[in-house]
Amino acid sequence: MRNDFEKAMHFRHATKIFDTSKPMSEEDLTFILEAGRMSPSSFGMEHWQFFVIRDTAMREAIKAVAWNQPQITTASELIAIGYKKRVRSSDPYIQSEFNKFGYPDYLRDMYAQWIDPRSNETLESWSACQVYIAAANMMSAAASIGIDSCPIEGFDRIATEKIMGIDTLDFGIPLLIPFGYRLKEQQPRLRSELSELVTYL
Ligand SMILES: Cc1cc2nc3c(=O)[nH]c(=O)nc-3n(C[C@H](O)[C@H](O)[C@H](O)COP(=O)(O)O)c2cc1C
């Protein structure tokens, strides 16, 4: 198991171009989405919404506002990871999550005291942080079954949200992740040594 995980970590790399002749199966897509769904989130609020973009014209339009990165149109599946914006304690979604989990009053109060006073900007960045955890799990899950991916932040967010036609009062899109099979061999992956990265206190 440890070896399997290690192998997946080394297999995963930021894939720059995908093989358009190799589609992923629905089953594999569901496996990846499940990894997102089962991810941890602050207070368990599942801040994510996964938009699977299959419309070819929509993908072309997004590519045009994403530095023309070929991953956007060559990937078998393109997932835009959305974060929820309406996450104050009084928002209906948060109320429904509280009820789903049967949160006691003290936890609801704690949430209200900790989250509600935040500015919209701080609140959004907190919500966006949660979806990056799901994103990482999805890419690792994909790698564990031999599927490639590339996290993409290099796109015009406002233009992309408009192209997708989402309600930007509800969702923001910080990250796109194309999934599929690599066309080319991966480049060597350069990393700092653990001794440089870890501080024991
Ligand atoms: C949040 C985030 C945004 C990224 N945006 C892009 C991007 O727009 N285009 C791209 O080709 N790679 C993008 N990358 C990939 C990184 O450049 C890549 O992960 C890094 O260079 C390490 O390479 P590796 O993932 O192959 O090990 C992004 C990575 C992250 C985590």
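This passage describes the sheet, a helix contact, the ligand shell and two backbone features of a predicted model.

The sheet is open and contains four strands. Their order is β1-β2-β4-β3, and the pairing is antiparallel. The edges are formed by β1 (48-53) and β3 (148-149), each of which pairs on one side only. Six bridges link β1 to β2 in the antiparallel sense. Within this pair, F51 has A80 of β2 as its bridge partner. β2 and β4 also run antiparallel and are joined by seven bridges. Here I79 is matched with I177 of β4. At the other edge, β3 pairs with β4 (residues 171-180) over two bridges, again in the antiparallel sense. S149 stands opposite F179 of β4.

Burial in the sheet was examined for β2 and for one residue of β4. In a regular strand, side chains alternate between the two faces of the sheet. β2 (77-84) is mostly covered, with eight of its eight residues buried. Both of its faces are covered. One side carries E77, I79, I81 and Y83, and the other carries L78, A80, G82 and K84. The buried set thus includes the charged residues E77 and K84. In β4, L176 is buried as well, because 27 other C-beta atoms lie within 10 Å. Leaving aside neighbours within four places in sequence, L176 is in contact with I72, L78, A80, I152 and F155. Two of these contacts, L78 and A80, belong to the buried residues of β2. L176 and G154 are 22 residues apart in sequence, yet their C-alpha atoms are 8.8 Å apart in space.

Helix α8 connects the description of the sheet with that of the helices. It lies across β1, β2 and β4 and runs at about 80° to β4. Packed helices are described by the angle and the distance between their axes. The axes of α3 (residues 56-64) and α8 (residues 157-164) come within 9 Å and cross at roughly 170°. The two helices are therefore roughly antiparallel to each other. On the α3 side the contact is made by M58, A61 and I62. On the α8 side it is made by T160, I163 and M164. Five of the contact residues are nonpolar, one is polar and none is charged.

The ligand is surrounded by residues from separate parts of the sequence. H13, A14 and K16 are among them, as are Q69 and R189. The shell also includes the run C150, P151, I152, E153 and G154. By class, the shell divides into four nonpolar, three polar and three charged residues. Two shell residues also appear in the surroundings of L176. I152 is in contact with L176, and G154 has its C-alpha atom 8.8 Å from that of L176.

Two backbone features lie in loops. Most residues other than glycine have a negative phi. F43 has a positive phi, near 60°. This residue lies in the loop between α2 (26-37) and β1. F43 counts as buried because it has 20 C-beta neighbours inside 10 Å. N68 also has a positive phi, of about 55°, although it is not a glycine. N68 lies in the loop between α3 and α4 (71-74). In contrast to F43, which is buried, N68 is exposed, with 9 other C-beta atoms within 10 Å.

Terms used. Residues are numbered from 1 along each chain as its sequence is written. This is a predicted model: local features need pLDDT of at least 70, side-chain atom pairs count only at pLDDT 80 or more; totals for chains, interfaces and linings use all residues. Axes are lines fitted to C-alpha atoms, for helices over the stretch in contact, and angles run from 0 to 180 degrees between N-to-C directions. Angles under 35 degrees count as roughly parallel, over 145 as roughly antiparallel, 65 to 115 as roughly perpendicular and the rest as oblique. Two residues are in contact if their C-beta atoms, placed from the backbone, lie within 7 Å. A residue is near a molecule or strand if its C-beta atom, placed from the backbone, lies within 6 Å of it. Two strands pair if DSSP finds at least two bridges between them. A residue is buried if 20 or more other C-beta atoms lie within 10 Å of its own, exposed if 12 or fewer, and partly exposed in between; C-beta atoms are placed from the backbone.
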